[in-house]
Amino acid sequence: MCLLRLSALGDVCNAVPVVRTLQKFWPETRLTWVVGKLEAGLVGDIPGVEFITFDKRAGWRAYRALRRRLRDRRFDVLLHMQVALRANLAGLMIPARMRLGFDRARAKDGHTWVTNARIAGQPRQHVVDGFFGFLEALGLPERELRWDLPIPPAARAFAEQHLPGTQPTLIISPCSSVRARNFRNWSAEGYAAVADYAAEKLGMRVVLTGGPTDLERDYAAAIGRLAKQPPIDLIGQTSLKELLAVLERATALVSPDSGPAHMATAVGTPVIGLYVTSNPDRTGPYLSREWVVNKYPEAVQAEFGKRVEDIAWGRRVRDPAAVNSVRVADVTDTLMRVMSSSNAPINMSR
């Protein structure tokens, strides 16, 4: 069986329980996963799975390389779990008897033309539930909701070095994307206020994480400048495995809809997701939906004049000012609830 899910980090994380379910209930099945080069750095060492890396930066050479790699093979089943044009073209390079894809309502960019079987149509599902639909179509209704992503000793040593001891730790991953039309990222002022609340009221250690882009570095500088107690800045300083280890040591993560939100879910860390322009019922952190600060219904009403139930599933809000509806109290109150529900000590004396 071949699984095709190239990107992005969050969706690749969401696909891991499908692999774990196959490994548990169909242990004799040989599994191959065609995955993006970046994403392979996160999941590419899962035991018992053959990984084939697809480097999108190589352009057409990536497709030729994939075709050469698989030209003498034929899979019984291809789980075509991505509908983007790049993935659909990559799927054409994978020989398979059954090419199982999404239902017509979710298919796009020619997805129906490169598949010969479809999962059942479910109009309003979380991404994780949609992925499990592939197994249900094959007659496997069970679910193994487990990630167990390998974390190398060196990555855990990195996390221990920067976050020693057992002090409750809040991770803030402030940015979702560098794309100009994303509109998911909250203000540096808001993050700084949450960081001060966590440090002063809850006795937490606060850490910033993210990639090395100019946008993320600018956020780190602004938050550090605005906060009374500047957080530990690890932005641009972690590999994916090191970030996973840091998230594993955290008490909670504050983040918009992003890859780190799903990485934190994979290691069992509660996620306070800031969801305004995307629907948390579709893409929220799967095990932390009770902690989501959900302003999406308000944003949908403001932009479209409709309820969430009356618009297309997963439709995004494009108003750059919508994220301003998130209040500091929304986040700090949720953080207090997370802390109260965990075994982490709360120091209210500061």
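## Helix 7 and the two sheets

In helix 7, the residues Ala 188, Gly 190, Tyr 191, Ala 192, Val 194, Ala 195, Asp 196, Ala 198, Ala 199 and Leu 202 are buried; buried means under 20% relative accessible area with a 1.4 Å probe, counting protein chains only. Helices here are DSSP runs of H or I with at least four residues, strands are runs of E with at least two, and both are numbered from the N terminus.

A word on the model before we go on. This is a predicted model, in which local features need pLDDT of at least 70 and side-chain atom pairs count only at pLDDT 80 or more, while totals for chains, interfaces and linings use all residues. Residues are numbered from 1 along each chain as its sequence is written, and side-chain values use heavy atoms, leaving out hydrogens and water.

Back to helix 7. Its buried residues pack against strand 7, strand 8, helix 8, strand 10, strand 11 and helix 13, where contact means heavy atoms within 4.5 Å. Helix 7 has 15 residues (188-202), so at 1.5 Å a residue it should span 21 Å, and its end C-alpha atoms, 20 Å apart, agree with that. The expected span is 1.5 Å times one less than the number of residues. Just after helix 7, Gly 203 takes a positive phi of about 65°.

Now to the sheets. Two strands pair if DSSP finds at least two bridges between them. Here are both sheets with their edge strands, each of which pairs on one side only:

| Strand order | Number of strands | Pairing | Edge strands |
|---|---|---|---|
| 3-2-1-4-5-6 | 6 strands, open sheet | parallel | strand 3 (49-54) and strand 6 (117-118) |
| 9-8-7-10-11-12 | 6 strands, open sheet | parallel | strand 9 (232-233) and strand 12 (293-294) |

In the sheet that holds strand 3, helix 3 (residues 60-70) packs on strand 2, strand 3 and strand 4, and its direction makes about 150° with that of strand 3. Axes are lines fitted to C-alpha atoms, for helices over the stretch in contact, and angles run from 0 to 180 degrees between N-to-C directions. Strand 4 (residues 75-80) and strand 5 (residues 96-101) run parallel, joined by 4 bridges, and Leu 78 stands opposite Arg 99 in strand 5.

In the other sheet, helix 13 lies across strand 7, strand 10, strand 11 and strand 12, at about 155° to strand 11. Strand 11 and strand 12 are parallel and share 2 bridges; Leu 274 has Val 293 of strand 12 as its bridge partner.

Finally, Thr 283 lies in helix 11 (residues 280-283). Thr 283 counts as buried because its relative accessibility is 13%. Leaving aside residues up to four places away in sequence, Thr 283 touches His 126, Val 127, Asp 257, His 262, Tyr 275 and Ser 278.

Technical notes
Buried < 20%, exposed > 50% of the residue type's maximum accessible area, 1.4 Å probe, protein only.
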